[in-house]
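Me: Can you walk me through this one? I'd like to start with the aromatic rings, then look at a helix.

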Amino acid sequence: MIMTIYRFSSIIAILSIVTACASGSVPSDHIYDPFEETNRQIHEFNKTVDAIALAPSADVYGAFVPEEIRDIVDNGANNLALPGQAVNHVLQGQVLHALQTTARFAINSTIGLAGLFDPASDFGLFEIPTNFGDTLNIYGFAEGPYLELPLIGGSTARGTVGIVVDFMIDPLRQFIPSPEREYLFVLKGLNIVGDRHTYSDLFNVLLYESADSYASQRIAYLQNMRHNVQNELVIENLEDPFAFDY
């Protein structure tokens, strides 16, 4: 009970901060980046981590792990995100989406062997990605300033709150005990490495072949995020690693 009150208080405190930081709308073509100097420093740190650790790990992962296994890891990680997405659909008043997401999770977690396979898609129960950043947008919270987060990358004030709250309210965190919970983090980590391999060409263009990699990543993130929250997602974005970011 005490932990529940603590978590609720933390959410309220975070929402108060984002309200202060993100009061007022931002035009769709506007880039609000008052922390650019700090953001660029974090961006250089992220590039260094990518160059030293993530990109080489992705190359090894892609070279030695068969595509079938990579797909299983991807399915498992995506399945873990479904309970949190269902919660957000409920908070957004999207009952049918919540039911579809719950049904998808139930089918893939059982028939799909703990989410390692995706039979739900064969029944037409496709994933409907969402997050608490989308929930805040529906309730009128503006996106706020652009932020580059260590080890995560592009975000906004609203998106950053979304990341924190999604982690706190994730139903799986409440019901899966340790050490099984740690195995889930390993699966998600492998999925990140897998995504880095899958979208290596795009990442390399943005990070290492752009005249200004920070500006290139910033505009790529903001454009996709704004398309998503305005329900303007197009099918080409499904192949874009920034398409479902906060």
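Reply: Here come some short answers on ring pairs and then on one helix. Keep in mind that the model is predicted.

Me: How many aromatic pairs are there in the whole structure?

Reply: A search of the whole structure turns up 2. One is Tyr146 with Tyr214, an edge-to-face pair. Their centres are 6.0 Å apart, with 70° between the planes.

Me: Which parts does that pair tie together?

Reply: Tyr146 sits in strand S1, residues 146-149. Tyr214 is in helix H11, residues 213-229. So the pair links parts 68 residues apart in sequence.

Me: And how are the rings of Tyr146 and Tyr221 arranged?

Reply: Their centres lie 6.1 Å apart and the planes are at 55°, so this pair is tilted. Tyr221 is in helix H11 and Tyr146 in strand S1, so parts 75 residues apart in sequence are tied together. Tyr146, Tyr214 and Tyr221 make one aromatic cluster.

Me: Is Tyr221 buried or exposed?

Reply: Tyr221 is buried, because its relative accessible area is 0% and the cut-off for buried is under 20%. Tyr146 is buried too, at 1%. Tyr214 is also buried.

Me: New topic. Which residues of helix H10 are buried?

Reply: H10 covers residues 200-208, and its buried residues are Ser200, Phe203, Leu206 and Leu207. Down the helix axis they fall within an arc of 135°, so they line one face of H10.

Me: Why would residues three or four places apart point the same way?

Reply: Because an α-helix has 3.6 residues a turn.

Me: What covers the buried residues of H10?

Reply: The cover includes helix H2 (36-64), helix H9 (180-198) and H11.

Technical notes: Residues numbered from 1 in each chain as written. Predicted model: local features only at pLDDT ≥ 70, side-chain atom pairs only at ≥ 80, totals over all residues. Heavy atoms only, no water. Phe/Tyr/Trp six-rings, centres within 6.5 Å; stacked < 30°, edge-to-face > 60°. Helix = DSSP H or I, 4+ residues; strand = E, 2+ residues; numbered from the N terminus. Buried < 20%, exposed > 50% of the residue type's maximum accessible area, 1.4 Å probe, protein only. Arc of directions from axis to C-beta. Contact = heavy atoms within 4.5 Å.
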